[in-house]
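Here are my notes on this one, for someone opening it without any background. Keep the structure on screen and check each point as you go.

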Amino acid sequence: MEFDFTKLEMDSRYRLLTNFIGPRPIALVTTRSPSGRSNAAPMSFFNVFSHEPPIVVLGIQPRLSGEEKDTVANIRRTGEFAVAMVDMALSQQMLVCGLGFDSEVDELEVAGLPTAKGAQIDVDCITSAPCSFECRVERLIEFPRRVLVLGEVVHMHVRRDCLDEAGRYVNPEVYQPIARLHADNYITSDRQFVLKAPAIADVLKADESGE
Ligand SMILES: Cc1cc2nc3c(=O)[nH]c(=O)nc-3n(C[C@H](O)[C@H](O)[C@H](O)COP(=O)(O)O)c2cc1C
C-alpha cells in the first residue's frame, strides 16, 4: 500500500509513523514544577542526535484538550530537564508517570521512584534508573501540534553495573533498555547480537565472481 502523507489526515500520519518507526527508546523525563515539585513523564519521541554538542531531542505534543503538557511548561520556565533511560525494572513505574495527573502531583512520589538532586541542574534524577542525563535546553522548535525540545547533555549518571570493568563501555548483560513499538507494545533488548560489516574488498570480490 502507498500513503501520500501530504494528503493524509493527522491521526493516520500518527498511526503510521508510530507503528512503523520503532522501536523508539523511552525517556522518562523529569522537570521542576512552578511550586518546586518534581514532575515526570515518559516520552518515546526521543533520541540522541549529536555528540558535539551532545544533543538529545524530545517531541512533545499538547494534551487532547489542546493544553500544553506540564513537561513542556516546566522546560520553558526553567530551561532544564533530566532524562532517565527505562529498563524492565522501571517499566510499570514509567507507565504510572505517563498517567494524566494534575500539574502539582509529583509522579515520582506516586510511582515510588527514588530520586536525588541533579549534579548540575535543579531537577531531581531517578536513582533507580540504569542511567540518566541532565540537560539544559539548547533550543525549542515550535510546531502547532508539537514542540521539539533540543537539550544539551551537561551530566550523565550511570549505575556502576551497567558499565564494563574499565568503566568505558556498556555492559549489555545488565543494561537492557526497553523501547516502544506500536500502541501498548514494547520490546526489551535482551536478545542482542553482533553484526560486523564485511571488508569492501570482500564485497567487491563476491560481486565480481557473481556470488
Ligand atoms: C511509553 C510512552 C511514551 C510516550 N511518549 C510521548 C511522547 O513522545 N510525546 C508526548 O507528548 N507524550 C508522550 N507520552 C504521553 C505522556 O507521557 C503523557 O501525556 C503524560 O501524562 C504527560 O505528562 P505531563 O503533563 O506531566 O508532561 C508517552 C506515554 C507513554 C506511556
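The points below take the ligand site first and then the strand pairings.

1. Before anything else, keep in mind that this is a predicted model.

2. Start with the ligand. The shell around it counts 21 residues, and the closest are Pro 42, Ser 44, Phe 45, Lys 69 and Thr 71. If you're hunting for the site by its shape, the ligand takes up the space of the largest pocket.

3. Which elements build that shell? Strand E3 (38-43), strand E5 (54-60), helix H2 (70-78) and helix H3 (91-97) supply at least two residues each. E3 gives the largest share, with four residues. As for the mix of classes, you'll find nine nonpolar, six polar and six charged residues in the shell.

4. Now zoom in on some polar atoms. Asn 39 places a polar side-chain atom 3.0 Å from an oxygen atom of the ligand. With Gly 59 it's a polar backbone atom, 3.0 Å from a nitrogen atom of the ligand. Gln 61 also uses its backbone: an N or O atom there lies 2.9 Å from an oxygen atom of the ligand. And how much of the ligand gets covered? On its own the ligand exposes 650 Å², and the protein buries 89% of that.

5. Leaving the ligand, have a look at E9 and E10. Strand E10 (residues 146-158) pairs with E9 in the antiparallel sense, over 12 bridges. The two strands make a hairpin, with two residues between them. For a concrete spot to click on, try Ser 132, whose bridge partner in E10 is His 157.

6. E9 has another pairing worth a look. Strand E9 (residues 131-143) also runs antiparallel to strand E6 (residues 80-85), and five bridges link them. Here Phe 81 stands opposite Cys 135 of E9.

7. Last, there's an open sheet of three strands, in the order E1-E11-E12, with antiparallel pairing. Which strands sit at the edges? They are strand E1 (24-25) and strand E12 (186-188), each of which pairs on one side only. Strand E11 (residues 178-180) and E12 are joined antiparallel over three bridges, and Ala 179 is found opposite Ile 187 in E12.

Conventions:
Residues are numbered from 1 along each chain as its sequence is written. This is a predicted model: local features need pLDDT of at least 70, side-chain atom pairs count only at pLDDT 80 or more; totals for chains, interfaces and linings use all residues. Side-chain values use heavy atoms; hydrogens and water are left out. A residue is near a molecule or strand if one of its heavy atoms lies within 4 Å of it. A polar contact is a pair of N or O atoms within 3.5 Å; within protein, one must be able to donate a hydrogen and the other to accept it, and residues adjacent in sequence count only if both atoms are side-chain atoms. Accessible areas come from the Shrake-Rupley method with a 1.4 Å probe; for residues, only the protein chains shown count as cover. On a 1 Å grid over the protein atoms alone, a cavity is a set of points where a 1.4 Å probe fits but cannot get out, and a pocket is an open set with protein on both sides within 12 Å along at least five of seven lines; lining residues have an atom within 4 Å of a point. A molecule sits in a cavity or pocket if more than half of its atoms lie within 2 Å of its grid points. Ala, Val, Leu, Ile, Met, Phe, Trp, Tyr, Cys and Pro count as nonpolar, Asp, Glu, Lys and Arg as charged, and the others, Gly among them, as polar. Two strands pair if DSSP finds at least two bridges between them.
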